[in-house]
Amino acid sequence: MKYLQKLLLLIITFILVQTTAMAGNLRIVASLPALGQIAQGVAGEFAEVKVLAHVGQDPHFVPPKPTLARHLAHADLLIAAGFGLEIGWLPPLVDASRNNNIRQASQGYLDGRNVLNKVLGKPQGKITRELGDIHPEGNPHWWMDPVNGVRLAEVIAERLSQLDPLHADIYRQRASNFAEKIKMRIPQWKTSIQRFSPLVSYHNSYLYLTQRFELHVIDFVEPKPGIEPSTSHLDALVSKMKQNNVQSVWLEPYHDGSMVRKLCELALASCRSMPDAVQGEGFDGYINMFDQLAAGGK
Ligand SMILES: [Zn+2]
């Protein structure tokens, strides 16, 4: 009987320890799937990671539903792309969450400004509405360069080390292993993806990717960022594509539609739906995205 009592006590203690450990876990929220995958890769079992946008969703326009604000309410760390990408939907969610720990400039907020050495695509000169629905702070689609993905992992490891010093070595080791993996894969990705150059892309979502892998983007389906193309713009684009022997049009999965498919048909080019995130857990999900991009998307 005594033995049974001891066993029961042991089981109860074990459950209590487990529950306490779980309650002590960090809570991370990422605005976008690829950022969440990198965070999950670094944090592993020591954090619960929630992602606000889903795979395939347009990151410029995410409906700010109350459920998303609830995810933010108890977050210890919010990871965003920044540079105005989420400006239309993330600030209202942070306000609604009433969580001051994740406001910009606080310890619990991190975005591309903490990651990048250099922002690409910053418009020169005076910024007016004439330029379209432009990203005036520079191009925010920086996670499309795997080297920036590595930098993000390193920044997350440092931030988590401050929030949870007990596991600092593990976080840093994971970021370093990820860096090695990415470094090994870059040459293969570069060789595969270069076969699509020169190309046209719908929105300028691939700037960091095309610079890393030295691809030539001759023009965009959008005449200006966020502006729908007119028939005359599309006609001119077809001629330009033929002159430059462009055989690929890259489009974000959320821009796939009959108009762009018609353009590909007229220009005798392949429309390629090139994801900015794919389904997958942790680092593997992020790495799979480049495998899919290198294979030419869908
Ligand atoms: Zn954009």
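This text walks through the predicted model of one protein chain, from overall make-up to strand pairing.

Start with the whole chain. It has 298 residues, and 39% of them count as buried. Its secondary structure consists of 10 helices and eight strands. Now look at the contacts between residues at least 6 apart in sequence. Of these, 62% join residues at least 24 apart.

Next comes the sheet. Strands of a sheet pair through backbone hydrogen bonds, either parallel or antiparallel. Here, four strands form an open sheet, and the pairing is parallel. Reading across, the strand order is 2-1-3-4. Which strands sit at the edges? They are strand 2, residues 47–51, and strand 4, residues 109–110. Each of these edge strands pairs on one side only.

Move inward to strands 1 and 3. Strand 1 covers residues 26–30, and strand 3 covers residues 77–79. The two run parallel to each other and share three bridges. For a point of reference, find Val-29: Leu-78 in strand 3 stands opposite.

Then go further along the chain, to strands 7 and 8. Strand 7 spans residues 248–251, and strand 8 spans residues 270–273. How many bridges link them? There are four, and the pairing is parallel. Ser-248 has Ser-270 of strand 8 as its bridge partner. What does the chain pass through between strand 7 and strand 8? The path runs through helix 9, residues 258–266. Strand 7, helix 9 and strand 8 thus make up a β-α-β crossover, and its hand is right-handed.

Technical notes:
Residues are numbered from 1 along each chain as its sequence is written. This is a predicted model: local features need pLDDT of at least 70, side-chain atom pairs count only at pLDDT 80 or more; totals for chains, interfaces and linings use all residues. A residue is buried if 20 or more other C-beta atoms lie within 10 Å of its own, exposed if 12 or fewer, and partly exposed in between; C-beta atoms are placed from the backbone. Two residues are in contact if their C-beta atoms, placed from the backbone, lie within 7 Å. Two strands pair if DSSP finds at least two bridges between them. A crossover is right-handed if, with the strands pointing away from the viewer, the path from the first strand over the helix to the second runs clockwise.
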